Amino acid sequence: MTTNNEAILQVNDLHITFNTFSGKVHAVRGVQFDLRKGETLAIVGESGSGKSVTNKAIVGILSKNANIERGNIIYRGADLTQYSERQFTQIRGSKISMIFQDPMSSLNPIMKVGKQIMEALRVRNISKAEARQRAIELMIAVGIPDPEKRFEQYPFQFSGGMRQRIVIAIALACDPEVLICDEPTTALDVTIQAQILDLIKQIQKERDLSVIFITHDLGVVANVADRVAVMYAGKIVEYGTVDEIFYNPKHPYTWSLLVSMPDLDTSSSDELLVIPGTPPNMLYPPKGDAFAPRNRYAMRIDYEEDPPMYRVSDTHYAATWLLHPNAPKVEIPDVLKKRIAQQTERLVR
Amino acid sequence: MKLETDNNREQNPFEFVQREKQLADEKFEGKAIGFFKDAMLRFRKNNASFVAAFFIGLIILMAIIAPLLSSFSYREQHIEWALLPPRVPGIEKIGIWDGTKVMDIKKTSLDEKYKGSIVKVMEEYDMDYRGRKIPMVKAKVDMYELKGAKDTYFWMGTDALGRDQWTRLWKGTRISLLIGFMAVTINVLIGVTYGSISGYYGGTVDMVMQRIIEILSGVPPLVLVILFVMYLGAGILPFILAMIVTGWIGMSRMIRAQFYKYKGQEYVLASRTMGAKDRLLIFRHILPNAIGPIITQATFAVPGAIFIESFLSYLGLGLGAPEPSIGVLLAEGQKVLLEHPHLTLFPAIVISILMLSFNLFGNGLRDAFDPTLRGQE
Amino acid sequence: MLRYISQRLIAMAITLFLIISLLFFLVHSMPGSIVNDPMLPIDIKERIEAKYHLDKPLVVQYVYFLGDFLTFNFGDSIKVQPKVPVFDIIKDKLPITIQLNILALLFTLPIGVICGIMAALKKNTATDHGLNMMVVLFISVPSFVIAALLQYIVAFKWELVPILLSAEQALTWTKFKSMILPILALSFGEIAIVTRYLRAELCETLNSDYMLLARTKGLSQMQATLRHAIRNSFIPLANIFIPMIFSILSGAIVIENIFSVPGLGSLSINAINALDHPLTIAVMFFYSLIALISILVVDLSYGIIDPRIRMGGKK
């Protein structure tokens, strides 16, 4: 791992379970990653793979029935899993902030948006006048036209994209250094998606933010991320730089993800592969590799033992038995190979 | 997925086991559980509702057979046996419901009027009456002995006209339940029809129909009901009609909401593009979704109707004598509550248990039909 | 907002006309009208008919009737207080009823709200289960049964408060003490309804995304709950507020009777039982009027509280 940049946030061997009426759900089973100053880390995975849960644990807003079973989250030397609610309120917003998926529901419908932005400042004892001034500056920064007028309006008077801008303004209000974006564009129209992505990228550059970007959309990942972590069934199965993941993926699950993503060059004759089967029921996490039943390249050992993280390069790791020296050599599927070739070609041109 | 790996440990672990296998979605395992069966499964887990269902059944059963168990009919009057306290064979031996009553009587009348019927003298004292001291006793008096009903048993006592309260209570329960069930059934029919039309067609039809509801619901329901009963006169049918005037509104609102929720969904649109008629869409595709809420809401409506019935009886708009209902009995009991609490006690217990049971039963049904809980253990 | 108000006002006016028309219809179909007495001499009958406009066509009669009602001219009572104008009787009885209802409302709301908030914040704990049991019990047991129970036990057996309402005119301590039981009997069921409703609303709001956002921007759980969740869950409370006013008003009819409160409730029972139709009809009209005014007040304040209505946005 290159260490030209300090890791400000480290998640080590995190295990989270939920108590439900049906039993214990193992949502996160040993997640491990770090986040460096000024970078954008994308966490990719299907719904239910534990990406949101991991990040909620970082901000300390897990629901009451969640337990952190094992592992820690180190932020600037302090272990967040040991933090009390009171300590969390100190860092939430001012150090680590979060944006949610649905801007329609993440704003309080009966409070003026200006007040909602100000609130983040007011709880830190900033005077009303100054908070108002800062709120308007923030609204300008996130690209809201006519902020003085918009300040006095309610969320229902805003479009989806505008609301997401307000949510971003709220998240930025207290100058955090880590911003977690939980599928911030999923609920938006495609054209608006691009604007919001650009906004996040621009803000990230301006403020030297470290961003964790949760998504299931690989297109978005390619657009914003420096590094990518692929999650499956509560574990990170592969991580590396965005180039490594897109051009040299090692885990069969990453292959499947990449193949199932259509792009401009996908002609109708091309095979658009779907991933067969469904993710495992996390009430009863399977023995061995959770992806094995859906994996065309599953080996006997996949059903018996969980694969360790194999190092591919200094920045690139993958948890698959295929990287074991004894494993048969497997080539990337042809479809994907073709895809990558086309991509590279396009880049060269 | 069970593999033969267990017995072949020595085999190479790094060997593809499903390279050529057609990977497909896992086959659905276990039997498909039907809607009602699933609801029933979850309903049975809810103990409170199960007990409630038992009590409802018990009360209905009693309403049917209990009047037959007593040798008195509900309209048979024995003026000389008026206002007797309850007396139950067997239980009377342990000192409750033994037909006795604690009374303050003049000492002098002990040997006259009350001769032979005094069970126990509890306390003697003097009472000042216009300067004179009158010796009094507090005594437990066997009312049955006193009123010459030695060998009769009124399990719940008698009312002011000497009618058997047991028979009247269950007869009254029968009438209250009948009114409740009838009113709710008709309300469901009207509500479902009105709500379906309003919700399915939408637009102007819906607008007009909703304004009508808005105006109707502005009138206090009780005022409407009172006026209706005043106009039609007392009786079972006027009661039911009065409860229908506004009773269907809640149901129609719920059905309309269901239609708005489902009519835009893809499967309905798909069916429509394939040429399904309105009737098919309404009855086959949309309405069945509402079956759970309909049953739940109807269950909650029954105690409501029973409440209105007893309320009206309380107002003096009740059924014509001698027909009893729980409300009539309560209203009669209220007049002599402080002296003869047993006349209020039993109807009050029955109506409370009945309403409690229906509400708990409804709660259980609501959870059982809740689609978000479906399939959970 | 203007459009909203005018919409409400129009709906209300139509409701009022509906009620009056219903009453008119009722008066005209009521058996036992004085003019139907065959023993009455023709000239007297005609004089009476002229006085009550009974000789005019139905439409004209309706207009007169309407005019009478809107000017609170309901005629005289026949049996309860013969020859006394109905309006004066009602005017006499109204204050105590309103007093009782408002006190019950003032008692119900805070307690219901507190119980609801407690149940939601302590969801699935012993507190919550206890409150749930209370809710089911008080929703199920009819108010008049509770009233009878309170009267028999608290007032008669324990002698803590008077059995019946004190006859004093002014609101003294004695009077207030005698009002406690009627107020309690009126409130229990409503408290349960408020508790149940608020609990459900608050539980939903507490799980909403904007609560998460409020917390991620640095508000503590407590601050977020107070500023966002509780405030927001109050708004739908208006949905049960109107039925609650109806229910307390109508509950009061029986409760007043049980505790001998000389209010509108006892009056309506007397009027109904004495077949004093002009009085009954006027009382019913008054009940409707009180209800309509309450609805209007609630609707308008709802409009002010909820910006989505105030600004004319979609709900």
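# Exercises on a predicted three-chain model

C:Lys83 is exposed, since its relative accessible area is 71%, where exposed means over 50%, buried means under 20% and partly exposed means in between, computed with a 1.4 Å probe on protein chains only. The model is predicted, so local features need pLDDT of at least 70 and side-chain atom pairs count only at pLDDT 80 or more, while totals for chains, interfaces and linings use all residues. Residues are numbered from 1 along each chain as its sequence is written, chains are lettered from A and ligands numbered from 1 in the order in which they are written, and side-chain values use heavy atoms, with hydrogens and water left out.

## Exercise 1: Backbone angles in loops

Find where C:Lys83 lies and state the sign of its phi.

Step 1. C:Lys83 belongs to the loop that runs between α3 (58–70) and α4 of chain C; helices (H or I, at least four residues) and strands (E, at least two) are DSSP runs, numbered from the N terminus.

Step 2. The phi of C:Lys83 is positive, about 75 degrees, even though the residue is not a glycine. As background, most residues other than glycine have a negative phi.

Step 3. A:Arg76 gives another case, for this residue is not a glycine and has a positive phi of about 45 degrees. A:Arg76 sits in the loop between β4 (66–75) and β5 (78–79) of chain A, and with a relative accessible area of 43% A:Arg76 is partly exposed.

## Exercise 2: Two domains of chain A

Describe how domain 1 of chain A meets domain 2 of chain A, beginning with how many residues each gives to the contact.

Step 1. Chain A is divided into domain 1 (7–232) and domain 2 (242–348), with bounds from an automatic or database domain assignment. The centres of these two domains of chain A, taken over C-alpha atoms, are 29 Å apart, and their contact (heavy atoms within 4.5 Å) takes 21 residues from domain 1 and 18 residues from domain 2.

Step 2. Together the two domains of chain A bury about 1700 Å², of which 68% is on carbon and sulfur atoms; buried area is the accessible area (1.4 Å probe) that two parts lose on being put together, summed over both. On the side of domain 1 of chain A, A:Arg29, A:Leu218 and A:Tyr232 supply 39% of the area buried against domain 2, more than any other three residues.

Step 3. One salt bridge is counted between the two domains of chain A, the term being used for a side-chain nitrogen of Lys or Arg within 4 Å of a carboxyl oxygen of Asp or Glu. A:Glu46 and A:Arg294 meet through their side chains in a salt bridge, at 3.4 Å from N to O.

Step 4. The elements of chain A that give two or more residues to the side of domain 1 touching domain 2 are β2 (23–36), α8 (218–224) and β9 (227–232).

## Exercise 3: Chain B against chain C

Work out how much area chain B and chain C bury between them, and which three residues in chain B lose the most area to chain C.

Step 1. Chain B gives 36 residues to the contact and chain C gives 43 residues, and about 3400 Å² is buried between these chains, 80% of it on carbon and sulfur atoms.

Step 2. In chain B, the residues that lose the most area to chain C are B:Ile215, B:Met230 and B:Leu338, which together make up 18% of what that side buries.

Step 3. The interface of chain B and chain C holds one salt bridge by the rule, and C:Arg8 forms a salt bridge with B:Glu214, their closest N and O atoms being 3.0 Å apart.

Step 4. Two or more residues each come to the side of chain B touching chain C from α5 (203–216), α6 (221–232), α11 (291–317), α12 (326–335) and α13 (342–369) of chain B. The largest share, nine residues, is given to that side by α13(B).

## Exercise 4: A helix of chain C

Explain why helix α11 of chain C counts as largely enclosed by the rest of the structure.

Step 1. Helix α11 (residues 264–273) of chain C has 10 residues, and eight of them are buried, so the helix is largely enclosed by the rest of the structure. Among these buried residues are C:Leu264, C:Ile269 and C:Ile272.

Step 2. The buried residues of α11(C) pack against α6 and α11 of chain B, and also against α4 (86–121), α10 (238–258) and α12 (277–305) of chain C.

Step 3. Just after α11(C) comes C:Leu275, whose phi is positive at about 55 degrees.
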